[in-house]
Amino acid sequence: MFLFNKNSILIYIFIILLPFLLFYWIMPFVSDLMMGNDFRHSVHQQMEILFSIWTGSFPLYHPTYALGQSAITLTWSQVFHPISHLCSIMPGYWNGKALQWYEFFKILSLGITHLILFLFLRKLRLNTFFSFLISFITVYNLRMLDLFRFGASLEAYTGYIVLCVAMGWYYVQPKGIVGPLGIIIMTYLLVVSGHPQHMYYGMVGAGLFMLIFPFYRSDIFNLSGYIKDILKFISKTALYMIIGVLLASVYIFPFVFDFYPTNTGRADATYEWSVAPIGFFELLGNFFMPFLTDVHSAFGGSLLLTLPILLPLLAFFRIKIKRSVWVIWGIIIFWILFILGDKTPVYKLCWTYLPFLSAFRHQGRASLILPMFLMLILIWMVKEEPYHLKLKRFSVRIAPYSILAIIALLLTPFYLILVYTLKAYSVEMPPIAINNIPLWKIFLVLLSGIFSLLGLIVYGIKNRPSTLLKLFIVFMAILQVGVILRYGTFTDPLEIQPTFEQIKAQKRRQIGFQAAEVINMQTRTAVKQVKNSFMEPFLGKLFTEVVPVVSDDEAYEKMRIMRLPQQVFIEGYDTERAKQITDNARNMKKGSVELIYSSFNRLEFKIYSEAPAIFGLSYPYTGHWRAWVNGERAKVYRANGAAHAVEVPEGESIVEFRYWSDAFFWGMIITCATFVLIGCFVCIGILKGYPRFIGIILISAIGTGIFILWYSSLYNGRNFKTAYSWVYSPPSKVPNIAYGKKTLGYYPASEAQLRFHGSNAVDGDRSPGSGFILRPTNKPLIVDLNQCEEIKTILLYGEFNKGVPEISISENGRDWQRISSMEHKENPISIVFERPETARYISVKAIDSEIGIDEIEVYPPEQRL
């Protein structure tokens with residue numbers, strides 16, 4: 001039997017090792033390069049989430065990622081996928097080698113995926129040569145490469161392919177529990193892969209594969225498939241997929257109910273934001289010259305992928321094309337039209353009517369679906385009877401794929417001449433623009449592709465192709481794809497990741513996320529807060545003057561007019577109680593806050609207050625935080641637009657905050673219940689009598705134990721011991737009238753950098769590095785005092801070693817008076833006017849070099865009070 005002979009074992013080993021050969025340039029633990037661009041995001045998010053788990057607490061929330069979000073926002077961490085946990089137990093992972101292990105298992109997963117697909121094609125009765133060749137060009141292409149650079153997306157790609165294989169195998173061999181279990185497991189792995197957009201396309205592709213494969217198999221094997229059996233297969237497979245989705249509920253529920261509805265960057269996205277320009281000639285580059293195709297829409301690799309798209313040309317040779325093959329070709333054309341974006345109405349219609357699709361960007365990523373359907377057409381071509389070609393006295397039997405290979409050979413130079421003459425390709429994101437690709441390697445890609453086509457032509461004509469010819473075709477295909485993969489995407493110098501001890505030390509200094517963030521992940525609450533006020537720089541503090549408001553809009557309006565550091569604007573707070581607290585704390589002189597326990601889900605503060613006061617937690621308001629004061633449940637109010645507030649009594653108090661998510665809770669219950677049901681299904685299927693009963697009991701205990709372990713870990717992990725304390729200062733006699741005022745002009749380059757918003761300069765935090773860098777290329781930072789004020793003093797805190805700022809004032813925002821006494825570089829820079837100046841706007845601009853801005857304070861004359 002093929003599966004167990006000596007030659008097959010050697011082929012298996014070669015297939016598993018092949019991706020390490022193809023990715024020699026990022027070989028883990030050897031190369032000084034790594035996959036570039038977005039790849040590092042997955043590793044950073046993975047280590048952040050796993051650190052919490054390794055310290056005993058499953059994270060529901062992340063304090064500062066996207067200014068504070070559900071932990072599911074770090075979806076690239078793949079916290080529910082085995083690859084992240086497998087990496088974390090490898091030697092060296094927590095000693096700087098996390099990225100190398102992550103790359104290692106990704107490369108290995110490609111070999112495993114290729115092997116599974118190869119075995120499936122052998123199951124479909126293809127010979128070893130075609131099984132290897134077709135499975136190779138299906139797995140290895142520019143779509144795979146682009147998903148690799150996205151990190152978590154690669155697991156969506158391999159999950160999609162293996163899920164399709166599981167479905168096909170189940171249809172071919174429906175008996176037993178292996179097929180159903182494979183579909184369930186692969187559906188789960190696809191759903192929790194970590195990149196929602198690519199998971200979405202993978203599920204769509206798998207659904208289409210499920211619908212077409214039974215008809216396709218009946219056609220290519222000339223079987224009399226009964227529609228009743230096909231419908232039975234489709235309904236049972238769909239059921240198994242639903243079970244796999246239910247198993248992934250712990251990922252889906254918080255994503256759909258906690259993250260997605262609040263995520264302004266995705267849920268409120270426009271059509272213009274989602275669509276990317278992709279030209280027709282550029283898209284055709286996938287088939288003829290993949291280096292010319294934008295990386296976001298690329299799926300090309302071997303020149304052999306040209307054959308399926310040329311399928312209709314076989315009709316001119318009177319070759320009968322099966323109906324299912326026509327349908328598959330139609331599916332390919334549909335997705336190509338989809339990928340073209342606004343060049344056709346297909347994408348706009350899908351964007352408008354399909355659920356969740358409007359939250360995704362760059363329609364070219366849907367090309368993830370295509371390789372499996374291109375593969376099905378190639379399989380049909382291989383199994384179809386040769387065509388008998390007669391030209392006068394010349395007669396030859398030629399395979400359909402050889403006919404199309406001849407046509408592809410003729411079209412390739414025509415395409416290249418046309419596209420280079422018209423310059424009809426993008427110069428922004430194709431590999432040829434990303435990398436400095438040597439001309440001889442471009443030529444090598446083209447030549448190896450042509451040779452693979454020539455070899456296939458000869459193979460389809462000869463009655464008994466030689467082993468040497470087979471090896472030649474395989475070698476040329478591997479050579480072409482290998483060079484394309486090498487230069488097909490971004491690369492970066494190898495990045496050493498932090499150790500466990502370094503992360504622990506960082507958490508002791510600050511609980512926040514330290515690496516770069518992904519764009520458009522903030523909640524509506526956080527984005528609105530930054531636009532109208534500032535993100536409170538102090539984790540927790542005491543407020544002694546309470547201003548009741550009806551809504552966050554009213555709070556923003558009142559804070560815009562006048563706001564003081566001791567004031568808190570609370571929604572729905574009793575007016576009489578607010579007056580009582582304000583009056584009792586008016587002469588308060590002492591107050592302190594100390595953080596005594598910290599984790600992602602739980603914070604505990606030791607508080608001292610001379611009078612009853614309001615304690616504020618700065619995390620953006622979500623409605624998920626619960627509070628206890630001295631062991632008793634306390635009401636949590638929304639304060640200052642987007643913070644949390646609880647009332648604390650006079651004296652010492654312990655205030656505890658715990659993050660709770662119903663979505664996580666019910667998701668975990670459904671996941672564990674589904675796990676138990678699957679386990680019982682397996683026990684019933686493979687065990688009998690007493691062992692079956694024991695198995696059911698054991699599986700039920702494991703499922704219950706997983707839930708209990710998860711639930712008990714939420715608030716009982718090790719203390720990060722984050723150092724944080726705050727001391728109350730009585731109100732200043734002369735208030736800083738710039739505090740909390742609106743800032744204009746300076747904004748970060750993207751929403752991912754909202755933490756560096758201009759409002760950081762008026763948030764009351766003078767500490768070094770608490771603001772942002774102002775560069776000469778930036779617009780000036782302007783503080784709007786809301787109305788014209790008399791100004792006596794301006795203080796500017798920051799870093800001025802490299803240069804000094806230009807400071808100007810204005811009453812109307814058009815006519816500016818420059819303050820010229822800026823030759824010193826003291827910190828703070830102090831400007832004291834001999835006579836009070838009247839102004840509404842204060843402008844700060846970097847002139848010759850960048851400057852650090854931590855805080856701008858503006859004081860009126862003392863006698864004004």
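Start with the open sheet of 6 strands in this predicted model. Select its strands in the order β14-β13-β17-β11-β10-β18; the pairing is antiparallel. The edges are β14 (632-634) and β18 (725-727), each of which pairs on one side only. From one strand to the next, the twist averages 25 degrees.

Within that sheet, select residues 602-609 and 651-659, which are β11 and β17. These antiparallel strands are joined by 8 bridges. Which residue of β17 stands opposite Arg 602? Show Arg 658 in β17 to see the partner.

Next, color Phe 605. Phe 605 and Phe 23 touch the most other members of the largest nonpolar core, which has 235 residues. Move to Phe 23 and display its contacts: leaving aside residues up to four places away in sequence, Phe 23 touches Met 35, Ile 107, Leu 110, Met 144, Leu 145, Phe 148 and Leu 485. Another core, of 28 residues, lies apart from the largest one. To find this other core, select Ile 737, Leu 796, Ala 839 and Val 858, which are among its members.

Now go to strand β7, residues 540-543. In a regular strand, side chains alternate between the two faces of the sheet. Are the two faces of β7 covered or open? Gly 540 and Leu 542 are on one side, Lys 541 and Phe 543 are on the other, and all of them are buried, so both faces are covered. Add β12 (residues 613-617), which runs antiparallel to β7 and is joined to β7 by 4 bridges. Lys 541 has Gly 616 in β12 as its bridge partner.

The next selection is helix α24, residues 524-532. Its buried residues are Thr 525, Ala 526, Val 527, Gln 529 and Val 530. To see part of what covers them, show α12 (264-267), α25 (552-561) and β15 (637-639), which are included in the cover.

Finish at Arg 365, in the loop between α17 (345-353) and α18 (370-383). Is Arg 365 buried or exposed? Its relative accessibility is 2%, so Arg 365 counts as buried. Display what surrounds this residue: not counting residues up to four places away in sequence, Arg 365 touches Arg 143, Phe 150, His 195, Gln 197, His 198, Tyr 201 and His 296. With Gln 197 there is a polar contact between the two side chains, at 2.8 Å. His 198 is 167 residues from Arg 365 in sequence, while their C-alpha atoms are 7.2 Å apart in space.

Terms used
Residues numbered from 1 in each chain as written. Predicted model: local features only at pLDDT ≥ 70, side-chain atom pairs only at ≥ 80, totals over all residues. Heavy atoms only, no water. Buried < 20%, exposed > 50% of the residue type's maximum accessible area, 1.4 Å probe, protein only. Pairing = 2+ DSSP bridges. Contact = heavy atoms within 4.5 Å. Polar contact = N/O pair within 3.5 Å; in protein donor to acceptor, adjacent residues only side chain to side chain. Axes fitted to C-alpha atoms, helices over the stretch in contact; angles between N-to-C directions. Core = buried A, V, L, I, M, F, W, Y, C linked by side-chain atoms within 4.5 Å.
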